[in-house]
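Dear colleague,

I am passing on the structure we spoke about, together with some notes on what was found in it. Please have the model open while you read.

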Amino acid sequence: MSKSKVAPDSEWIFFAADSNEDLGALPKISKSMKGAAALWIVYPKGQKQITENDVLAAGRKCGLKDVKVVGFSTTHTALKFVIPLSDR
């Protein structure tokens with residue numbers, strides 16, 4: 001587990017984003033993903049500073065495929081992204 005760096009062999013990555021600006025870290029994170037690794041982006045529900053559309057757009061811009069959305073808690077939502085099968 002790391003709070004600042006993604007380990008090269010990570011299968012699951014949980015990234016907390018509290019604002020749209022936090023999503024700027026996604027290009028670096030997505031480049032470190034290998035194989036079937038999953039990136040969960042956890043963000044606050046019902047906030048204007050970050051929305052589901054912001055998270056979806058940021059993940060897709062990095063070439064990732066969104067495959068699931070869940071209620072992470074009563075206050076947060078999580079979107080799961082993976083590397084598309086054609087790119088693995």
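A salt bridge is taken here as a side-chain nitrogen of Lys or Arg lying within 4 Å of a carboxyl oxygen of Asp or Glu. By that rule the count in this model, which is a predicted one, comes to one salt bridge. The partners are Arg60 and Asp66, whose closest N and O atoms are 2.9 Å apart, and Arg60 itself is partly exposed, with a relative accessible area of 47%.

As for the interior, the largest nonpolar core holds 19 residues, and those touching the most other members are Leu23, Leu26, Leu39, Ile41, Val55 and Phe81. At least two residues of this core come from each of strand 1 (12–16), helix 1 (26–32), strand 2 (38–44), helix 2 (52–61) and strand 4. If you select Ile41 and leave aside residues up to four places away in sequence, you will find that Ile41 touches Phe15, Ala17, Leu23, Leu26, Val55, Thr77, Ala78, Leu79 and Phe81. There is also a second, separate core of five residues, among them Ala38, Val42, Ala78 and Val82.

On the surface, Trp12, Phe14, Val70 and Phe72 form a nonpolar patch, and together these residues have about 460 Å² of accessible area. Within this patch, Phe72 sits in the loop between strand 3 (65–71) and strand 4 (76–82), and Phe72 counts as partly exposed because its relative accessibility is 48%, a value between the limits of 20% for buried and 50% for exposed.

With best wishes

How values were computed
Residues are numbered from 1 along each chain as its sequence is written. This is a predicted model: local features need pLDDT of at least 70, side-chain atom pairs count only at pLDDT 80 or more; totals for chains, interfaces and linings use all residues. Side-chain values use heavy atoms; hydrogens and water are left out. Buried means under 20% relative accessible area, exposed over 50%, partly exposed in between (1.4 Å probe, protein chains only). Patches are made of residues with over 30% relative accessible area and no salt bridge: like charges are joined within 9 Å, nonpolar side chains (Val, Leu, Ile, Met, Phe, Trp, Tyr) within 5 Å. Accessible areas come from the Shrake-Rupley method with a 1.4 Å probe; for residues, only the protein chains shown count as cover. Helices (H or I, at least four residues) and strands (E, at least two) are DSSP runs, numbered from the N terminus. A nonpolar core is a set of buried Ala, Val, Leu, Ile, Met, Phe, Trp, Tyr and Cys residues joined through side-chain atoms within 4.5 Å. Contact means heavy atoms within 4.5 Å.
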